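Let's walk through how the strands pair up here, within a chain and across the two chains. Have the model open as you read.

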Number of protein chains: 2
Amino acid sequence: MPKRGAYDRASVHAILDEGLICHVGFVHAGSPVVIPTGYGRDGDVLYLHGSVASRMLRTLAEGVEMSVTVTLLDGLVLARSAFNHSMNYRSVVVFGRAWPVDDPEAKLGALYCLSEHLVPGRWDAVRPPTERELKGTSVLALPLDEASAKIRSGPPEDDDEDYALPHWAGVLPFTLHVGPALADPLLAPGIAVPEHVSDYRRPRGSSTPAAGT
Amino acid sequence: MPKRGAYDRASVHAILDEGLICHVGFVHAGSPVVIPTGYGRDGDVLYLHGSVASRMLRTLAEGVEMSVTVTLLDGLVLARSAFNHSMNYRSVVVFGRAWPVDDPEAKLGALYCLSEHLVPGRWDAVRPPTERELKGTSVLALPLDEASAKIRSGPPEDDDEDYALPHWAGVLPFTLHVGPALADPLLAPGIAVPEHVSDYRRPRGSSTPAAGT
């Protein structure tokens, strides 16, 4: 498959930066568990967070093997045969073991990273965490040493003899639509929508590998 | 958290029917593996498929424990404090053991189900699988006996004393945008876009639990 495969670090970073949630996999009592959650990236480290009471965070903090998958679905690939249907996507899989980020300053930095990943500009516009809130939050760092990307893009690839069939073929492209912001019904009067909300958009990566790499 | 929790079978079905991809978790050589893939639902059975050469399909066909997670991200929940930020989402987690669907007629039915899940109306508009293609495809069935849904919806829930802060709060809603279909550059002239493509949309579930349940 010419358009699938593992790509370079820049592609891994771009996919992680565009994604909003990851699916974290780990083994708990012998069973595979997969949990969706937010994340942030700082260089070659991925940050996860959650309540100190979270089973996932407590399990992962022990340094067990884990995987993190981020998947961006770019479209459905409609071929002339049922068999050659496919999806256009960009995904990253990270394997590794996480370590807890316990130092208060490092923890605050990681939470800033997580927040900026989801909504750039938000952190400085809201009340920062209290000491109690920080203590109630677990933060984990996962190195991106074992990270790989898979990308499928472009039109369908049909069998040679199928191109003569009278069936329409092509791609149904998907993008994330960000609707107008919905104000909290309890919002006090006179508070305008800030620019980091009204101008919100995701970084949009290319569905082809980063150039020159 | 009043708006999160496990819901009934109708909510599980609605989330599965709206989703396009799932993340399949399993343990391979002691390590957790998470792989994104398409799926289909028929009643209380989930179908997965892939190449007979696929490591995932071969592992799962042995009847090992697996999990399937489908996550719909409905929006970002922007609170007045960094700590109370959240996401609106609907997710389903299924645990269980799959069995291979080997009977040719049952396999064809499962592939029809997978196809109709992604693009209703597509199956009858394209070339059906050959015997060779069917033999090269593995299909697995996973019962929905152990399936549960989690839903978070609505505005942020701030600490009482934070409602007086002058920070904007609310929700940034996300939806899936289906762009205009892109014809295969190799499409023969004179083939119009069929209605199952031009009118494509996902079923849109409610982000609140199904009524009366």
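In chain B, strand β5 (residues 65-78) pairs with strand β6 (residues 86-97) over twelve bridges, in the antiparallel sense. Pairing here takes at least two DSSP bridges between the strands, and a strand is a DSSP run of E with at least two residues, numbered from the N terminus. One spot to look at is B:Val77, whose bridge partner in β6(B) is B:Ser86.

A quick word on the ground rules: this is a predicted model, where local features need pLDDT of at least 70, side-chain atom pairs count only at pLDDT 80 or more, and totals for chains, interfaces and linings use all residues. Residues are numbered from 1 along each chain as its sequence is written, while chains are lettered from A and ligands numbered from 1 in the order in which they are written.

Back to β5(B), which has other neighbours too. Strand β1 (residues 21-28) of chain B joins β5(B) through four bridges, running antiparallel, and there B:Val24 has B:Val68 as its bridge partner. β10(B) is also antiparallel to β5(B), again with four bridges; in that pairing, B:Val77 sits opposite B:Val171. How covered is β5(B)? Mostly: twelve of its 14 residues are buried, where buried means 20 or more other C-beta atoms within 10 Å of the residue's own, with C-beta atoms placed from the backbone.

Now for β10 (residues 170-178) of chain A, which pairs inside its chain and across to chain B. Here are its pairings, each with one example pair.

| Partner of β10(A) | Bridges | Sense | Example pair |
|---|---|---|---|
| β5(A), residues 65-78 | four bridges | antiparallel | A:Gly75 opposite A:Pro173 |
| β11(B), residues 182-183 | two bridges | antiparallel | A:Gly170 opposite B:Ala183 |
| β10(B), residues 170-178 | five bridges | antiparallel | A:Val178 opposite B:Phe174 |

So how do the two chains relate? In general, two copies of a chain are related by a rotation about an axis and a shift along it. Chain A can be laid on chain B by a turn of 180° and a shift of 0.0 Å along the axis, giving an RMSD of 0.0 Å. That's the relation of a two-fold axis. The same surface serves both copies, with 100% of chain A's contact residues recurring in chain B. The superposition is a least-squares fit on C-alpha atoms of residues with pLDDT of at least 70 in both copies, and a contact means that the C-beta atoms of two residues, placed from the backbone, lie within 7 Å.
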